[in-house]
Amino acid sequence: MADERDEQGKKVEQEPRPQIRRGYVFRSVFGDNPELCGELVSTCLEIEVADVRLVEHERVVEATEDRRAGRLDLYVVDADGNRYDVEVQARSKGDELLRARHYQALMDVEFLKRGGKVAELPRSVVIFICDFDPFGDKLRRYDCVTMVRQTKHEVEDRRGTVVLNAKGKKGKVSPSLAAFLRCFAGQEVQGDPFVDKINAIIDSLLLSESWKEQYMTLEEEMEIERQYARELGHEEGLEEGRKKGLEQGLEQGLEQGLEQGRKKGLEQGLEQGRLTAFAELVQAGVLSMGEAVSRAHVTEARMQEAEI
């Protein structure tokens, strides 16, 4: 694609294309499109998903009357009653599996609150789409299931967590999932039907001035928050460095003081022992006071103190 240039022939800087890994873009693309959401779940899980009957983005689920509600990024229910929660993660929070447990509980509670029975709990899957590797094994896809440790036997409890890693290089996945993960990572992808649909919707969104304005506002706010976090982290780092430096200085000063004290105490102890020896010789009549004072190089008053 040729670069766009102005009347003077200078290259015109293009605004960065909205990326699907941005929460606002993701919700705009999938939030009101059941068919595309079904294709998303099918692509992520590499299975055929029944027709989607319900799609809600940022669905709020109240666990109990006295507890705060939880929120599901993209909540999908298919024609068979299976439930899916798709979560977009741009950076690691270190608690992905714990939050997956929480989201699973929210979906189960919602089903039970509507009159469902425990024995009839539907299949539920939490899908994390990450722009980082949460486990460090460089896999594109991690499947987390319930398993008996001793037998390595997978337990069928109708739930699971799938973590997708857009930075992954290992593991065999379908061509469609591989293309989608490259798209999620911000790479240019051509020729994949699913990614082509995503890009077509983003192109249509860019034709809306109100959408672009909202998107740019959110991006600016996020950049301000990121800059604040960087500055705060820098200040906290400096403060932590000052504290550690002070602690280290105090520790070193204490050690030096103790060492000096030991040396001083030894010197004083030796001096006192020497004077005491001269004083005992005076008391025994071996030396006169004048001889003892002269040899010890002290005053007569100091020698008399040693005699006490």
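Student: Which residues of α3 are buried?

Tutor: In this predicted model, the buried residues of α3 are Glu96, Arg99, Ala100, Tyr103, Gln104, Leu106, Met107, Glu110 and Phe111. They cover an arc of only 155° around the axis, so they sit on the same side of α3.

Student: And which exposed residues does the face turned away from that side carry?

Tutor: That face of α3 has the exposed residues Leu98, Arg101 and Lys113. On the buried side, the cover includes β1 (52-61), β2 (70-78), β3 (83-89), β4 and β8.

Student: What makes Gln104 count as buried?

Tutor: Buried means under 20% relative accessible area. Gln104 has 4% relative accessibility, so it counts as buried. Leaving aside residues up to four places away in sequence, Gln104 touches Ser124, Val125, Val126, Arg159, Gly160 and Thr161.

Student: How do you know that the span of α3 agrees with its 18 residues?

Tutor: Take 1.5 Å a residue: α3 should then span 26 Å, and its end C-alpha atoms are 26 Å apart, so the two agree. Just after α3 comes Gly115, with a positive phi of about 105°.

Student: Why is β8 described as largely enclosed by the rest of the structure?

Tutor: Strand β8 covers residues 159-165, and six of those seven residues are buried, so that description fits.

Student: In which sense do β4 and β8 pair, and what makes them a pair?

Tutor: At least two bridges are needed for a pair, and β4 (residues 124-130) and β8 have seven, in the parallel sense. In that pairing, Val125 stands opposite Gly160 in β8. Strand β5 (residues 141-144) is joined to β8 by four bridges and runs antiparallel to it. There, Asp143 has Val162 of β8 as its bridge partner.

Student: How many aromatic pairs are there?

Tutor: Eight in the structure. Among them is Tyr103 with Phe128, whose ring centres are 6.3 Å apart with planes at 40°.

Student: Why is the pair of Tyr103 and Phe128 called tilted?

Tutor: The centres need to lie within 6.5 Å, and planes under 30 degrees apart would be stacked, over 60 edge-to-face. With centres 6.3 Å apart and planes at 40°, Tyr103 and Phe128 are a pair, and a tilted one. Tyr103 is in helix α3 and Phe128 in strand β4, so the pair ties together parts 25 residues apart in sequence. Tyr103 is buried at 8% relative accessible area, and Phe128 is buried at 0%.

Student: What makes Phe180 and Phe184 tilted?

Tutor: Their planes are at 45° and their centres 6.3 Å apart, so that pair is tilted. Both lie in helix α4 (residues 175-184), and being four residues apart they are separated by about one helical turn. Both are buried. Ring pairs link these two with Phe26, Phe30 and Phe194 into a cluster.

Student: How do you know that Glu46 and Arg141 form a salt bridge?

Tutor: The cut-off is 4 Å from nitrogen to carboxyl oxygen. Here the N to O value is 2.8 Å, which meets it. Glu46 lies in the loop between α2 (34-45) and β1, and Arg141 in strand β5, so the pair ties together parts 95 residues apart in sequence. Arg141 also forms a salt bridge with Asp143, with the closest N and O atoms 2.8 Å apart.

Student: Why is Glu46 called partly exposed?

Tutor: Partly exposed falls between under 20% and over 50%. Glu46 is at 32% relative accessibility, so it counts as partly exposed. Asp143 is also partly exposed, at 46% relative accessible area.

How values were computed:
Residues numbered from 1 in each chain as written. Predicted model: local features only at pLDDT ≥ 70, side-chain atom pairs only at ≥ 80, totals over all residues. Heavy atoms only, no water. Buried < 20%, exposed > 50% of the residue type's maximum accessible area, 1.4 Å probe, protein only. Contact = heavy atoms within 4.5 Å. Helix = DSSP H or I, 4+ residues; strand = E, 2+ residues; numbered from the N terminus. Expected span 1.5 Å × (residues − 1). Arc of directions from axis to C-beta. Phe/Tyr/Trp six-rings, centres within 6.5 Å; stacked < 30°, edge-to-face > 60°. Salt bridge = Lys/Arg side-chain N within 4 Å of Asp/Glu carboxyl O.
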